[in-house]
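Here is a chain to question label by label. Each term should be earned from a value and a cut-off.

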Amino acid sequence: GQHSVPTMKLLNAAGFLILVPTFMLALDPLSTSIFMGGAAVAWQLLSPHSWLKCSLLECCNMKDTLNLSVLKMDLEQKVFGQHLAVQIVLRALRANVYSKWPKKPLVMSFHGWTGTGKSFVSSIIAENLYQLNIPRRRFVHHFSTVLHFPHASHVHLYKEQLQNWIQGNVSACPRSLFIFSEMDQMPHGLIDSIMPFLGYREEIDGVYYGKAIFLFLNNAGGDKITEIALDHWRRQKRREEIPLKELQSLMSEEIFSNVNSGFFHSQLIQKNLIDYFIPFLPLEYKHVRECVREELRLQGHLEDEDLMTEIALAMTDYPSKERLYSSKGCKSVASRVTLSI
């Protein structure tokens, strides 16, 4: 009996490896290269002192390393203008982490204009979720709709691959993080294929999904959020007074009825499987200015008040009359700083 456990673990890992090539069928040549490491992976697994063996087999039993106060500090210091999103993300993760066996995976849907911080917040969550010395890519799975699901005609194929990929990874590592970006370009009906994994279940085919986390990043709903924020501003109300409840119910209605949201008439919404709809507000001049300040610091330059003002003013372009928000958020700040220095 002593030897059966490692062998089983290796078999599981081998099963996991078999999934990698199946995922390649649907990928364009550009993205196929990402998965070409199959042979190298197998070699890594068989060598005795392999980090991969650790991260796939032993280290998956590692303790959760999420330190909520560090995450809170990270989000509050690095993310500008998103008090609502930060507040909900922290609340959601706290509840999830403190529950020994969550009844269902944590599912969060981020909505807002481009450049408002959706990807940024998801990468801060990923960084905080896993220890630095363990190769993070084993636990964090990022699906870019444009890259991984480019052809609406291949939906049936993508469905099967997506299910296999999630099943294989969660069985290898219960605390897996799945990030779906560009949800608004997701082929219709594809996301419903992961519905079985998101519900309230003990386990499916012997795999427990309650520790997994799913994040959907979506530009859909962004216009609605901006509309509400703008309306508040016009009524001389502070940004902090925007009621979350109003935004959240609007978001779920909006994306359910929006053909280009990835969630059009989706079962995930009908069955209430998305735990949190998280609004990312449009960024104002002062927030873009903070982004410029941070970018200067990252590129190793001194703070330059004039430059900060100049870039932030140039980017604050919406609506064309009031020029209150940046329609690109902080998206092009880095390149603008690079060009100005």
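The questions below take the labels of this predicted model one at a time.

Q: What is the mean pLDDT of the chain, and how many of its residues reach 70 or more, in percent?
A: The mean is 84. The share of residues at 70 or more is 79%.

Q: Where does pLDDT stay under 50, and what contacts does the model have there?
A: Residues 2-51 stay under 50. The model has 64 contacts beyond four places in sequence for them. Where pLDDT is low, the predicted coordinates should not be read in detail.

Q: Why is leucine 307 called buried or exposed?
A: Buried means under 20% relative accessible area. Leucine 307 has 6%, so it is buried. This leucine lies in helix H15, residues 305-315.

Q: What does leucine 307 touch, beyond residues up to four places away in sequence?
A: It touches Leu296, Ser340 and Ile341. Leucine 307 and leucine 296 are 11 residues apart in sequence. Their C-alpha atoms are 9.7 Å apart. Contact is judged on heavy atoms, within 4.5 Å.

Q: What makes strand S1 largely enclosed by the rest of the structure?
A: The strand spans residues 106-112, and 7 of the 7 are buried, so the rest of the structure largely encloses it.

Q: Which residues of S1 point one way, and which the other?
A: Leu106, Met108, Phe110 and Gly112 point one way. Val107, Ser109 and His111 point the other way. Both sets are buried. In a regular strand the side chains alternate between the two faces of the sheet.

Q: How do you know that S1 pairs with S4?
A: Pairing needs at least two bridges. S1 and S4 (residues 213-218) have 6, and they run parallel. Leucine 106 has isoleucine 213 as its bridge partner in S4.

Q: What joins S1 to S5?
A: 5 bridges do, against a cut-off of at least two. S5 covers residues 276-280 and runs parallel to S1. In S5, phenylalanine 277 is the bridge partner of serine 109.

Q: Why are cysteine 291 and cysteine 330 called a disulfide?
A: The cut-off is sulfur atoms within 2.5 Å. Theirs are 2.0 Å apart, and the pair forms a disulfide. A search of the whole structure finds 1 disulfide.

Q: What parts does the pair tie together?
A: Cysteine 291 lies in helix H14 (residues 285-298), and cysteine 330 in the loop between strand S8 (325-326) and helix H16 (333-340), so the tied parts are 39 residues apart in sequence. Both cysteines are buried.

Q: Why is this disulfide called right-handed?
A: The torsion about the S-S bond is about 85°, so the disulfide is right-handed.

Conventions. Residues are numbered from 1 along each chain as its sequence is written. This is a predicted model: local features need pLDDT of at least 70, side-chain atom pairs count only at pLDDT 80 or more; totals for chains, interfaces and linings use all residues. Side-chain values use heavy atoms; hydrogens and water are left out. pLDDT is the predictor's confidence in each residue, from 0 to 100. Buried means under 20% relative accessible area, exposed over 50%, partly exposed in between (1.4 Å probe, protein chains only). Helices (H or I, at least four residues) and strands (E, at least two) are DSSP runs, numbered from the N terminus.
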